[in-house]
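Thanks for coming. I will walk through one model and keep to the packing, a few loops and the cysteines. Please have the view open.

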Amino acid sequence: MASSTTTPLPIEANAALKPAPPKKQPYPFWLGGVAATIAASITHPLDLTKVRLQASGDKRMIESIKKTYTTAGVRGLFDGISGTWLRQMSYSMCRFWAYDESKKLLGAGPDAPAWKLAAAGSMAGGIAGLIGNPGEIVMVRLQGDFAKAPEKRFNYKHCFDALFRMVREEGVSSLGRGVTPNVFRAILMNASQLASYDFFKAELLKTKYFDDNIMCHFTASFAAGTVATTVCSPADVLKSRIMNASGPGSNSTIGVIRASMKAEGAMFMFKGWLPAWTRLQPTTILIFLTLEQLKNGVDWSRAKGFTYL
């Protein structure tokens with residue numbers, strides 16, 4: 001009786017029989033908004049002071065902080081924080097979601113070139129700047145209210161009261177105030193901040209010195225904050241000069257550029273770069289460090305079987 005033998009399958013066939021590793025689920029779309037809200041809550045006193053310096057006669061940051069603390073205590077340093085939360089949970093949540101979707105649309109994977117990431121960031125910034133404009137207005141009004149004379153204050157109770165009263169007293173069109181410069185700045189910010197973080201993180205992970213840990217995230221976010229400050233500086237300088245100018249033709253962007261170039265040269269576009277960097281850098285670092293930790297938390301919860309995340 002002849003014995004039957006089983007011919008072993010080739011290695012390639014055995015490999016083909018192995019199940020493919022499960023595709024990683026996308027992270028919840030709201031993670032970016034939560035990360036930005038946490039970061040903005042921590043840095044709120046600095047942002048509040050910046051707005052009050054712009055709206056009042058105060059000249060120095062420390063003096064302005066002392067003035068706020070003396071008149072309203074520690075709680076005063078968090079005036080208008082509901083407006084900050086509204087802005088972050090509309091604008092920031094939208095920009096992180098739109099950035100991920102734009103990367104999918106453009107086919108920008110982990111090793112995507114910088115221009116694809118910048119294009120995805122620009123698309124996200126345009127969408128988020130439009131959707132988040134009402135939150136931006138509410139945040140600025142709530143933060144700047146106590147720097148005004150009592151008779152000129154809006155006296156909003158919170159962010160939702162501000163929205164309802166704006167629509168009732170000024171019409172729905174009031175929610176679109178300043179939307180054009182806001183969208184333009186959002187495009188620049190997201191094309192530089194989000195895209196450069198992804199780019200620097202990917203480049204750092206290619207080296208032998210970095211792993212996907214907090215040191216890598218800190219370094220990439222530090223670089224992203226520097227790039228974002230530099231890219232947004234010309235728009236910020238021009239906006240400030242146009243708003244502060246007076247006289248015929250002084251509101252012309254081209255006119256302001258020509259006059260500034262003639263008097264100061266091209267470097268006028270980076271005046272105030274250091275204070276702007278000092279303000280933006282902590283926020284950028286906190287956003288990305290918090291976001292990465294939230295992602296780690298989602299990975300851990302999924303590994304434990306909590307499928308709702």
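Glycine 171 comes right after helix 7, and its phi is positive, near 90°. This is a predicted model, so take that angle as a property of the prediction. Helix 7 itself covers residues 159–170. Its twelve residues should span 16 Å at 1.5 Å a residue, and the end C-alpha atoms are 16 Å apart, so expectation and model agree.

Which residues of helix 7 are buried? They are Cys159, Asp161, Ala162, Leu163, Arg165 and Met166. Note that an aspartate and an arginine are on that list. The cover over these buried residues includes helix 4 and helix 6.

On the other side of helix 7, in the loop that joins helix 6 to helix 7, is asparagine 155. Here too phi is positive, near 55°, and this residue is not a glycine. Asparagine 155 has a relative accessible area of 48%, and because the exposed class starts over 50%, it counts as partly exposed.

Now helix 5, residues 114–131. With 18 residues at 1.5 Å each, the expected span is 26 Å, and the ends are 26 Å apart by C-alpha atoms, which agrees. The buried residues here are Leu117, Ala120, Gly121, Ala124, Gly125, Gly126, Ala128 and Gly129. A general point on spacing: an α-helix has 3.6 residues a turn, so residues three or four places apart point the same way. What do the buried residues of helix 5 pack against? Their partners are helix 4 (81–106), helix 6 (133–144) and helix 8 (179–205).

One of those buried residues, Leu117, takes us to the core. The largest nonpolar core has 24 residues, and within it Phe96, Tyr99 and Leu117 touch the most other members. Helix 2 (31–55), helix 4, helix 5, helix 8, helix 9 (214–244) and helix 11 (273–303) each give two or more residues to this core. Where does this core lie with respect to domain 1 (28–177) and domain 2 (181–284)? It lies between them, because both domains give residues to it.

Tyrosine 99 shows the packing in detail. Beyond four places in sequence, its contacts are Leu117, Ala120, Gly121 and Ala124, together with Leu194, Ala195 and Asp198. There is also a second, separate core of nine residues, with Ile137, Leu142, Leu163 and Met166 among them. Leu163 and Met166 were on the buried list for helix 7.

Over to helix 8, where we find serine 196. Serine 196 has 8% relative accessibility and therefore counts as buried, the limit being under 20%. Apart from residues within four places in sequence, serine 196 contacts Ala224 and Val227.

Between helix 8 and helix 9 there is a loop, and aspartate 212 is in it. Aspartate 212 is ten residues from alanine 202 in sequence, and their C-alpha atoms are 9.5 Å apart. Setting aside residues up to four places away, aspartate 212 touches Lys201, Leu205 and His217. With histidine 217 there is a polar contact, side chain to side chain, at 2.7 Å.

Last, the cysteines. How many disulfides does a search of the whole structure find? Zero. Cysteine 94 is buried at 9% relative accessibility, and cysteine 159 is buried at 6%.

Definitions and conventions
Residues numbered from 1 in each chain as written. Predicted model: local features only at pLDDT ≥ 70, side-chain atom pairs only at ≥ 80, totals over all residues. Heavy atoms only, no water. Disulfide = S-S within 2.5 Å. Buried < 20%, exposed > 50% of the residue type's maximum accessible area, 1.4 Å probe, protein only. Helix = DSSP H or I, 4+ residues; strand = E, 2+ residues; numbered from the N terminus. Expected span 1.5 Å × (residues − 1). Contact = heavy atoms within 4.5 Å. Core = buried A, V, L, I, M, F, W, Y, C linked by side-chain atoms within 4.5 Å. Domains from an automatic or database assignment. Polar contact = N/O pair within 3.5 Å; in protein donor to acceptor, adjacent residues only side chain to side chain.
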